[in-house]
Amino acid sequence: MADGNSDQIGGEVRPNIQLPIYLDYQATTPLDPRVLDAMMPYFTGKFGNPHSRSHSYGWDAEEAVEAAREQVAKLINADPREIIFTSGATESNNLAIKGAALFNKDRRNEIVTVVTEHKCVLDTCRHLEQEGFKVTYLPVKQNGLIDLDELRAAVTDKTVLVSVMAVNNEIGVIQPIAEIAKIAHEKGALFHTDCAQAVGKIPLDVGAMGIDLMSISGHKIYGPKGIGALYVRRKPRVRLVAQMNGGGQERGMRSGTLSPALCVGIGEACRIAREEMAAEAVRLDALAHRFYDKVKAKLPDVFLNGDETQRIPGNLNLSFAYVEGESLIMGIKDLAVSSGSACTSASLEPSYVLRALGVEEELAHTSIRFGFGRFTTEAEIDYAAETIIGRVSKLREMSPLWEMVQEGIDIKSIQWADH
Amino acid sequence: MAYSEKLVDHYENPRNVGSFDKGDDSVGTGLVGAPACGDVMKLQIKVSPEGLIEDAKFKTFGCGSAIASSSLVTEWVKGKSLDEAATIKNTDIAQHLALPPVKIHCSVLAEDAIKAAIADYKAKHGQS
Ligand SMILES: Cc1ncc(COP(=O)(O)O)c(C=O)c1O
């Protein structure tokens with residue numbers, strides 16, 4: 001009775017599936033082989049310093065870097081001169097937020113952001129609080145989206161910057177970026193958006209959406225790790241205090257020798273994303289629905305975290321009621337997924353994002369982020385769905401709480417012992 | 001976290017999962033733990049007229065260590081008298097499964113579950 005489904009999965013022959021199945025595309029993505037091909041020459045023969053002005057080694061490298069800059073710009077409808085290469089979205093977020101805040105600190109000293117932002121935005125804001133800035137951390141609604149009226153109330157004529165991510169890394173919800181930009185601009189504030197999870201997934205247009213600063217990461221879009229970009233608007237010009245001083249590369253905003261190979265990599269990744277994004281979104285949407293429908297058909301009491309429709313197709317964050325989180329993770333070793341709780345040695349700490357949504361502690365413990373991407377196959381989706389269905393069924397079969405619920409007992413009415 | 005082979009075996013192939021009728025006179029039921037703490041164990045013993053535990057079943061909501069601890073004790077109590085079963089120590093469970101220090105509480109809960117099941121049986125039969 002107790003052990004059933006999962007054994008069947010193990011016994012079946014499944015060609016072309018490499019275990020564990022990678023379903024963690026929000027953590028990072030594999031390098032697209034086309035990206036690697038484009039990068040290789042710049043690791044070997046074309047090793048020049050793109051800032052060398054006196055010979056062809058330097059010129060070749062510079063040409064490659066500028067072509068890459070153009071590819072990044074094109075994807076978001078920017079001018080290449082508005083793209084600054086950095087080491088990743090973490091650095092881009094630091095440069096955008098600290099740079100803009102510090103440049104304008106004599107006139108405006110307030111920042112507005114959101115509780116569900118990535119740690120690198122939240123930590124940067126905490127740092128600025130110590131430097132005398134006042135930061136407002138907006139809450140989110142149960143669907144993970146901000147309330148625009150609350151934003152309107154929080155932005156004042158002392159606000160220097162509003163920073164809101166386009167797509168959340170844990171739950172995949174899409175914030176209404178264009179509306180947020182408009183509210184920021186009404187009070188004369190700048191608008192920054194962390195688009196690490198949005199670029200290449202949803203159409204982005206810095207002009208049409210009113211974006212002043214946008215952070216981009218290479219390794220979330222099938223490009224290399226260790227490179228990112230920051231879009232910095234030129235008209236009207238957005239000015240930043242550089243966070244890295246030196247030779248004045250990247251228009252003085254980010255000194256240091258660029259890596260042409262990495263620049264070429266993020267450029268090629270952006271080119272592919274521009275050409276394939278629309279078709280890829282349709283395919284991922286079908287895969288995500290296939291997975292979700294299979295799971296929902298076999299398992300009651302499964303909850304989707306984050307808005308049902310305002311979301312990217314490659315992310316499903318699900319909570320499974322009446323099973324315990326750690327035992328679930330232990331049982332799905334064939335799936336490389338991220339659990340909503342960071343499993344520290346002693347206790348499960350529910351994610352701050354789910355907590356911000358108001359997800360109950362016990363449900364937050366069993367939440368799992370399934371991330372699908374360019375190389376996810378239908379066979380992998382089916383295997384993953386069967387694995388999770390099998391394990392959750394087995395654990396529920398074993399769960400006294402599930403048994404009580406089936407008998408119609410209200411678990412909350414029971415006087416549980418403290419311990 | 002690396003778990004011992006025995007622990008993983010009990011987690012993957014738990015012994016004696018299930019329930020007896022709580023109302024049956026020959027059954028003692030122990031329900032310990034709390035959902036908010038992440039562990040709830042239900043352990044049941046079926047006692048023969050001669051006073052021996054002839055069968056045991058469990059259901060556990062909890063981590064792999066909690067599942068393994070309760071699965072293990074259902075095996076250990078079978079064939080024992082109530083007094084013998086009451087001597088099972090959490091340290092024996094922890095040692096057998098090589099529980100990591102942060103999981104010792106799971107073995108404590110399993111010991112509590114046996115004691116609670118025995119107490120329930122005795123209460124039904126007017127013993128104490
Ligand atoms: C939303 C978001 N912002 C920023 C980052 C950091 O990006 P990077 O690894 O390029 O520094 C990540 C990735 O973890 C992310 O998901």
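Two colleagues discuss the terms used for this predicted model.

Modeller: The model is predicted, so local features need pLDDT of at least 70 and side-chain atom pairs count only at pLDDT 80 or more, while totals for chains, interfaces and linings use all residues. Residues are numbered from 1 along each chain as its sequence is written, chains are lettered from A and ligands numbered from 1 in the order in which they are written, and side-chain values use heavy atoms, with hydrogens and water left out.

Biologist: Why is T86(A) called buried?

Modeller: Its relative accessible area is 3%. Buried means under 20%, exposed over 50%, partly exposed in between (1.4 Å probe, protein chains only). Therefore T86(A), at 3%, is buried.

Biologist: Why does E75(B) count as partly exposed?

Modeller: E75(B) has 37% relative accessibility, which falls between those two limits, so partly exposed is the term. The residue lies in helix α2 (residues 64-77) of chain B.

Biologist: What makes the pair T86(A) and G88(A) a polar contact?

Modeller: A polar side-chain atom of T86(A) lies 3.1 Å from the backbone oxygen of G88(A). A polar contact is a pair of N or O atoms within 3.5 Å; within protein, one must be able to donate a hydrogen and the other to accept it, and residues adjacent in sequence count only if both atoms are side-chain atoms. The 3.1 Å pair is therefore within the limit.

Biologist: Which distances put ligand atoms in polar contact with D194(A), K220(A) and H118(A)?

Modeller: For D194(A), 2.6 Å to a ligand nitrogen. For K220(A), 2.8 Å to a ligand oxygen. For H118(A), 3.2 Å, again to a ligand oxygen. Each is within 3.5 Å, so each counts.

Biologist: How do you know which residues surround the ligand?

Modeller: A residue is near a molecule or strand if one of its heavy atoms lies within 4 Å of it. There are 14 around the ligand, and T90(A) is among the closest.

Biologist: What makes that shell 4 nonpolar, 8 polar and 2 charged?

Modeller: The residue types decide: Ala, Val, Leu, Ile, Met, Phe, Trp, Tyr, Cys and Pro count as nonpolar, Asp, Glu, Lys and Arg as charged, and the others, Gly among them, as polar. By that scheme the shell has 8 polar residues.

Biologist: Which helix gives the most to the shell?

Modeller: Helix α4 (residues 89-103) of chain A, with 3 residues. Helices (H or I, at least four residues) and strands (E, at least two) are DSSP runs, numbered from the N terminus.
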